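Biologist: I would like a close look at one part of this model, the place where two of its helices pack against each other. Please take it slowly and keep it plain.

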Amino acid sequence: MNKKLNTVFFIIGATVFNLICIVLLMLISLVLISVIFKDNLSPAALSILLMVLFIGSIAGTFLIYRFILNLVSRRLDLEKYFLPLFKKKR
C-alpha cells in the first residue's frame with residue numbers, strides 16, 4: 001500500500017473511532033445521570049443537561065484520541081506511513 005491509501009484508511013478509521021467513542025461516552029453519561037437523578041429532573045433541566053453531555057462527550061473523545069495518537073506517534077514514525085494532510089506554506 002502507498003502513503004495516500006494509508007492516509008485515507010487512517011482518516012476513515014479515526015472517524016469511526018471518534019464516532020464510537022462519542023456514542024460510548026454519551027451512553028455511559030446517560031446511565032450515570034439516570035442513576036444519580038432517578039427521574040427527579042424537569043424537562044428543561046434535562047434538555048440542558050443532554051446538550052452539556054453531548055459537548056462533553058465530544059471534548060472527551062478529542063482528549064482520548066489525542067492521547068492515543070501521542071502514544072502511537074512516540075512508537076512509530078508516522079511520516080514514514082502517511083502523507084502530510086496540510087502542506088507547509090512557503
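Modeller: What follows goes through the two helices, their crossing, one residue at the contact, and then the chain ends.

The model is a predicted one, and the values below are computed from it. The part in question is the packing of helix H1 against helix H2, whose axes come within 8 Å of each other.

Take H1 by itself to begin with. Helix H1 covers residues 3–37. H1 has 35 residues and spans 50 Å from its first C-alpha to its last, close to the 51 Å expected at 1.5 Å a residue. Its buried residues are Asn-6, Thr-7, Ala-14, Cys-21, Ile-22, Met-26, Ser-29 and Ile-33. The cover over these buried residues includes H2 and H3. Leu-19 is also in H1, but at 52% relative accessibility Leu-19 counts as exposed, the cut-off for that being over 50%. Just after H1 ends, Lys-38 has a positive phi of about 50°.

Helix H2 runs over residues 43–75, which is 33 residues. From first C-alpha to last, H2 reaches 48 Å, close to the 48 Å expected at 1.5 Å a residue. Leu-53, Ser-57, Gly-60 and Thr-61 are buried in H2, and H1 is included in what covers them.

Now the crossing. Two packed helices are described by the angle between their axes and the distance between the axes. For H1 and H2, the axes come within 8 Å and cross at roughly 135°. H1 is therefore oblique to H2, and the crossing is right-handed. On the H1 side the contact is made by Phe-10, Ala-14, Phe-17, Asn-18, Cys-21, Ile-22, Leu-25, Met-26, Ser-29, Leu-30, Ile-33 and Phe-37. On the H2 side it is made by Leu-49, Leu-50, Leu-53, Phe-54, Ser-57, Ile-58, Gly-60, Thr-61, Ile-64, Tyr-65, Ile-68 and Leu-69. As for the spacing within such lists, an α-helix has 3.6 residues a turn, so residues three or four places apart point the same way.

Ser-57 is a useful residue to follow through this contact. Ser-57 sits in helix H2. Its relative accessibility is 2%, so Ser-57 counts as buried, the cut-off being under 20%. Leaving aside residues up to four places away in sequence, Ser-57 touches Ile-22, Leu-25 and Met-26. The C-alpha atoms of Ser-57 and Leu-25 are 5.5 Å apart, although 32 residues separate the two along the chain. Beside Ser-57 in sequence, Ile-58 is one of the H2 residues in the contact. The C-alpha atoms of Ile-58 and Leu-19 are 9.1 Å apart in space and the residues 39 apart in sequence.

Phe-10 of H1 has a further partner. There is one aromatic pair by the rule used here. Phe-10 and Phe-82 form that pair, which is tilted, with 4.9 Å centre to centre and 40° between the planes. Phe-10 lies in H1 and Phe-82 in the segment after helix H3 (78–81), so the pair ties together parts 72 residues apart in sequence. Both rings belong to partly exposed residues: Phe-10 has a relative accessible area of 32%, and Phe-82 has 22%.

Asn-2 lies in the segment before H1 and, at 46% relative accessibility, counts as partly exposed. The C-alpha atoms of Asn-2 and Leu-83 are separated by 9.4 Å, with their positions 81 residues apart along the chain.

Notes
Residues numbered from 1 in each chain as written. Predicted model: local features only at pLDDT ≥ 70, side-chain atom pairs only at ≥ 80, totals over all residues. Heavy atoms only, no water. Phe/Tyr/Trp six-rings, centres within 6.5 Å; stacked < 30°, edge-to-face > 60°. Helix = DSSP H or I, 4+ residues; strand = E, 2+ residues; numbered from the N terminus. Buried < 20%, exposed > 50% of the residue type's maximum accessible area, 1.4 Å probe, protein only. Expected span 1.5 Å × (residues − 1). Contact = heavy atoms within 4.5 Å. Axes fitted to C-alpha atoms, helices over the stretch in contact; angles between N-to-C directions. Parallel < 35°, antiparallel > 145°, perpendicular 65-115°, else oblique. Left-handed = near helix turned anticlockwise from the far one by under 90°.
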